[in-house]
Amino acid sequence: MASHVLCIVKILIAVFTFTGYKFNYSFAHTFSDVSVMVTNHLTSLETPAVITVFKTTNQNVTIYKAVLRGSNVNNQYLNFTGSRIESEMSPNGMSATLKLAGSVRSQVGVYTVTVSQDQDQIEMRVLILNSNAFVTPREYSTVVSIDESVSLFANGMRGVQESSLRWRKDGVFQGQPCFETGSCEEQNAQQSIVFECFVAGEYGDQDHAIMNLIVRGCPDGNWGPDCEETCPRCFNGGLCSDVTGLCQCPPGFSGTNCEQVHGRNVFGQFGKRKCNETGDDNSDGCHGALICYPNPFGCVCPAGYSGLDCTEECEDGTFGANCNQTCHCRENVTCAKDTGVCEDSQCGDGWKGTNCQGM
């Protein structure tokens, strides 16, 4: 049986990218509905990754590039800025698809999808990993608020020993205390950071863990240029944007407070996109896909799924994106694993709402 090695990273970071010094609230609000769906994000030669970008209904929006930021064997970051994906826009102009090609090694990395309007732009990071990786992350994106600490985890597979693990931070090799320990700690960091955990001497094989660490630029519960505004309550795994104050809703949910329940086949800030067009919000069309939203949300599995390949059904008592939400049903009553709706709407004591998440 393969042994598992636990790699722990503790870090503080800050990221939400808009170009220009002055914040454009209207732009940020409009672009809250931009999203990315990735299929075959655990890539192989037989099943290369496919990145599909969905833009808003604003026809002035231009999806103008997808950039691969994957480290090569010379420890440099690659930038394929020539891949202008708007040339592959669908007939209705609402999406663009980038199909990866070449060896698995050439596909693995961090893709930065940039969406722009006039002088403003936002970006979304998408992680493509080797399906046969020797070190894997527990989650692709981890979000914290500024001045908070967080632990990230990776697993060494197929007999990998902790003493053989090494770390890079934005492509820079880390020495002590991150050397040969399987853990790496950083305090009070103030920038966006991509961490990689890999086996010594095998970094160039691109069979390691890549993790995107994101921080909201305000303390928990606050938003705005001076972090003086109070965030609304966001249900079902929603996240308050430190820039707009809006609840960013996970796949399967929408609404001002992410209180509107849809199903595992639905994604997008307003719940208007589906992985397949069966008409059934609860169909398994999103099975195995990775869904990414603008920072500070990051990438998650669809509602009802978890795991590195986003194919594992939620365990009993949990639901939602990455199965991170807890059901609140009466004793011995089950809930739907995508929506959290309790059987016969039987909420536990003290809970109410469509899926028993309100108090």
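This report walks through a predicted model of one protein chain, from its overall make-up down to single residues.

**The chain as a whole**

Start with the big picture. The chain has 359 residues, and 55% of them count as buried. Its secondary structure comes to two helices and 30 strands. If you look at contacts with a separation of 6 or more, residues 24 or more positions apart account for 55% of them. As for the outside, the chain exposes about 15,700 Å², with carbon and sulfur atoms supplying 46% of that area.

**The two annotated stretches**

UniProt, in an unreviewed entry, puts the feature "domain: EGF-like" at residues 223-259 and 278-311. In the model, residues 223-259 are 0% helix and 24% strand, and the C-alpha atoms at the two ends of the span lie 20 Å apart. Residues 278-311 come out at 0% helix and 26% strand, with 19 Å between the end C-alpha atoms.

A few backbone details are worth a look here. N236 sits in the loop between β18 (229-230) and β19. N236 is not a glycine, but its phi is positive, about 60 degrees. The residue is buried, with a relative accessible area of 5%. Further along, N295 and P296 are joined by a cis peptide bond, with omega at about 15 degrees. P296 belongs to the loop between β25 (290-293) and β26 (298-300).

N332 also has a positive phi without being a glycine, this time about 70 degrees. You'll find N332 in the segment after β30 (325-326). N332 is exposed, at a relative accessible area of 76%.

**Salt bridges**

Side chains of opposite charge can pair when their charged atoms come close. Searching the whole structure turns up five salt bridges. The table gives some of them, with the distance between the closest N and O atoms.

| Pair | N to O distance |
|---|---|
| R264 and E313 | 3.1 Å |
| R264 and D338 | 3.6 Å |
| K274 and D281 | 2.9 Å |

R264, E313 and D338 are linked in a network of salt bridges. To place the first pair: R264 and E313 form a salt bridge, and it ties together distant parts of the chain, with R264 in the loop between β22 (260-261) and β23 (266-267), E313 in strand β28 (residues 312-313), and 49 residues separating them. R264 counts as buried at 10% relative accessibility, while E313 counts as partly exposed at 43%.

The other arm of the network is the salt bridge between D338 and R264. That pair links distant parts of the chain too: D338 lies in the segment after β30, R264 is in the loop between β22 and β23, and the two are 74 residues apart. D338 is buried, with a relative accessible area of 5%.

K274 and D281 make a salt bridge of their own. D281 is partly exposed at a relative accessible area of 23%, and K274 is partly exposed at 27%.

**A buried acid with no salt bridge**

What does D242 do about a partner of opposite charge? D242 is buried yet has no salt bridge, and the nearest side chain of opposite charge, R216, is 4.8 Å away. The cut-off for a salt bridge is 4 Å between a side-chain nitrogen of Lys or Arg and a carboxyl oxygen of Asp or Glu, so R216 at 4.8 Å from D242 doesn't make the list. There is a backbone neighbour, though: a polar atom of the D242 side chain lies 2.8 Å from the backbone nitrogen of G217. D242 itself is in the loop between β19 (239-240) and β20 (247-248).

**One strand residue and its neighbours**

Finally, take a look at V50. It lies in strand β4 (residues 50-54). At 19% relative accessibility V50 counts as buried, because the cut-off for that label is under 20%. Which residues does V50 touch, leaving aside those up to four places away in sequence? They are M37, V38, T39, T97, L98 and K99. The C-alpha atoms of V50 and L98 are 5.9 Å apart in space, while the two residues are 48 apart in sequence.

Conventions: Residues numbered from 1 in each chain as written. Predicted model: local features only at pLDDT ≥ 70, side-chain atom pairs only at ≥ 80, totals over all residues. Heavy atoms only, no water. Helix = DSSP H or I, 4+ residues; strand = E, 2+ residues; numbered from the N terminus. Buried < 20%, exposed > 50% of the residue type's maximum accessible area, 1.4 Å probe, protein only. Lys, Arg positive; Asp, Glu negative; His and termini not counted. Polar contact = N/O pair within 3.5 Å; in protein donor to acceptor, adjacent residues only side chain to side chain. Contact = heavy atoms within 4.5 Å. Areas by Shrake-Rupley, 256 points an atom, 1.4 Å probe, with all protein chains shown as cover. UniProt positions renumbered as here; feature names shortened; annotations may be inferred.
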